[in-house]
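Dear colleague,

I am handing over the structure we spoke about, with some notes on what turned up in it. Please look at it first and then read on.

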Amino acid sequence: MHIVVCIKQVPDSAQIRVHPVTNTIMRQGVPAIVNPYDLFSLEQALRLKDLHRGRVTVLSMGPPQAEAALRKCISYGADDAILVTDRAFAGADTLATSFALAAAIRKIDRDMKVDLVFAGKQTIDGDTAQVGPGIAKRLGMQLLTYVAAVDEVDLQRRTIKAQRRAEGGVQLLTTRLPCLVTMLEGSNEMRFATMENMFRASRHALKVWSREAAGIEDINQIGLKGSPTLVSKVFAPQPCTEPAELIETESGEPCDIVGTLLGKLQTQHPALCAGIARSGHAERGAP
């Protein structure tokens, strides 16, 4: 079994600031980390590797500094790492990113057949959840998104069974390989890096591919030229300046709590309560 895990090095969102004049994200001085959602996918891939004695290759598109994120993944137990980096990729949106990563996976597949591709459900810097499905579409792979658990991978029948989180509950799905899976947060817990793997990660010879090495010939499909997305504005949410109000009730009984809250709402927001009352009358057919 050969599994490719797509990961991204992202700025730590807890320390990102927005420039007050240009309204652009200030990345200087912000530490870079492996996208947290990608770690759930990496752990699932490593568990399948342990079960089926497979091979895990981590793949990332980004600047040369993304090498640190790939070495981190090797320290967890990945076998190989590939960094696709080129100035031509600068300014890529999700469409151009999925094109470049799909091309790299095609090349990996030619060297060693790829059975599964894993990706996080989204990245914390973009939050679009578009790159994983975009790769699957470009490669003609089956797609399973928002997967909470992988129950079984049958290499003989070339099938995968998974639990997919949906609005109405959990879907139990079976589809064929090759397949791309995006994992939900909380689906597993990332293992600790071993000392042996940390030493291996530090000396591992990462593969670094330019666009030519990744098999990308059409530069109009990558970078700014291949990115139709336009960001009109980036802004930070305004912090709440009003202090929280402590509401006391005579008892902890639910009826007492609800009555007190409704009384507060009616006093502070009479227009809102009047609108709710009118809506209730309309639903009951009252004149």
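D115 is buried, at a relative accessible area of 8%. This is a predicted model, and the notes below should be read with that in mind.

Salt bridges

D115 pairs with R158 in a salt bridge whose closest N and O atoms are 2.6 Å apart. The two residues come from distant parts of the chain, 43 residues apart: R158 sits in the loop between strand 9 (142-154) and strand 10 (159-166), and D115 in the loop between helix 3 (94-111) and strand 8 (116-120). While D115 is buried, R158 is partly exposed at 28% relative accessibility.

Salt bridges with shared partners also connect E43, R47, D50 and R191 into one network. Within it, R191 and E43 form a salt bridge with the closest N and O atoms 2.9 Å apart. R191 is in the loop between strand 12 (179-183) and helix 5, and E43 is in helix 1, so this pair ties together parts 148 residues apart in sequence. E43 counts as buried because its relative accessibility is 3%, whereas R191, at 26%, is partly exposed.

K113 and D109 make another salt bridge, at 3.9 Å from N to O. Here K113 is exposed, with a relative accessible area of 53%, and D109 is partly exposed at 25%. The count of salt bridges comes to 14.

Overall form

The protein chain has seven helices and 13 strands. Its C-alpha trace spans about 70 × 50 × 45 Å along the principal axes. The radius of gyration is 24 Å, against a value near 19 Å for a compact globule of 287 residues. Of the 287 residues, 40% are buried. If one takes the contacts between residues at least 6 apart in sequence, 70% of them join residues at least 24 apart. The chain exposes about 17100 Å², of which carbon and sulfur atoms supply 54%.

Cores

The largest nonpolar core holds 37 residues, and I3, V5, L42, L116, F118, I160 and V181 have the most contacts inside it. Helix 1 (residues 36-52) contributes the most to this core, namely six residues. V5 touches S41, L42, A45, V56, T57, V58, L59 and F118, once residues up to four places away in sequence are set aside. There is also a second, separate core of 26 residues, which includes A102, A103, A104 and W209.

Individual residues worth a look

H2 belongs to strand 1 (residues 2-6) and is buried, at 3% relative accessibility. Its C-alpha lies 6.6 Å from that of K113, although H2 and K113 are 111 residues apart in sequence. Beyond its neighbours within four places, H2 is in contact with R55, T57, I108, M112, K113, V114, D115 and L116. D115 and K113 are thus both contacts of H2, as well as partners in the salt bridges with R158 and D109.

S60, in strand 6 (residues 55-61), has a relative accessible area of 0% and is therefore buried. Apart from its neighbours within four places in sequence, S60 contacts I7, K8, Q9, A66, L70, I82, L83, V84 and L101.

R211 is placed in the loop between strand 13 (207-209) and helix 6. Is R211 buried or exposed? R211 is buried, because its relative accessible area of 18% falls under the 20% cut-off. With neighbours within four places left aside, R211 contacts D86, A88, F89, I216, E217, I219 and I222.

Helix 2

L70, one of the contacts of S60, is among the buried residues of helix 2 (residues 67-76), together with A69, C73, I74, S75 and Y76. These buried residues pack against strand 2 (9-11), strand 5 (32-34), helix 1, strand 6, strand 7 (80-84) and helix 5 (195-203). Helix 2 is followed by G77, which has a positive phi near 135°.

Surface patch

V258, L262, L265 and L272 make a nonpolar surface patch of about 360 Å². Helix 6 (residues 254-268) supplies the largest share, three residues. L265 is in helix 6 and is partly exposed, with a relative accessible area of 37%.

Regards

Definitions and conventions
Residues are numbered from 1 along each chain as its sequence is written. This is a predicted model: local features need pLDDT of at least 70, side-chain atom pairs count only at pLDDT 80 or more; totals for chains, interfaces and linings use all residues. Side-chain values use heavy atoms; hydrogens and water are left out. Patches are made of residues with over 30% relative accessible area and no salt bridge: like charges are joined within 9 Å, nonpolar side chains (Val, Leu, Ile, Met, Phe, Trp, Tyr) within 5 Å. Accessible areas come from the Shrake-Rupley method with a 1.4 Å probe; for residues, only the protein chains shown count as cover. A salt bridge is a side-chain nitrogen of Lys or Arg within 4 Å of a carboxyl oxygen of Asp or Glu. Helices (H or I, at least four residues) and strands (E, at least two) are DSSP runs, numbered from the N terminus. Buried means under 20% relative accessible area, exposed over 50%, partly exposed in between (1.4 Å probe, protein chains only). A nonpolar core is a set of buried Ala, Val, Leu, Ile, Met, Phe, Trp, Tyr and Cys residues joined through side-chain atoms within 4.5 Å. Contact means heavy atoms within 4.5 Å. The radius of gyration is taken over C-alpha atoms; the globule rule is 2.2 Å times the number of residues to the power 0.38.
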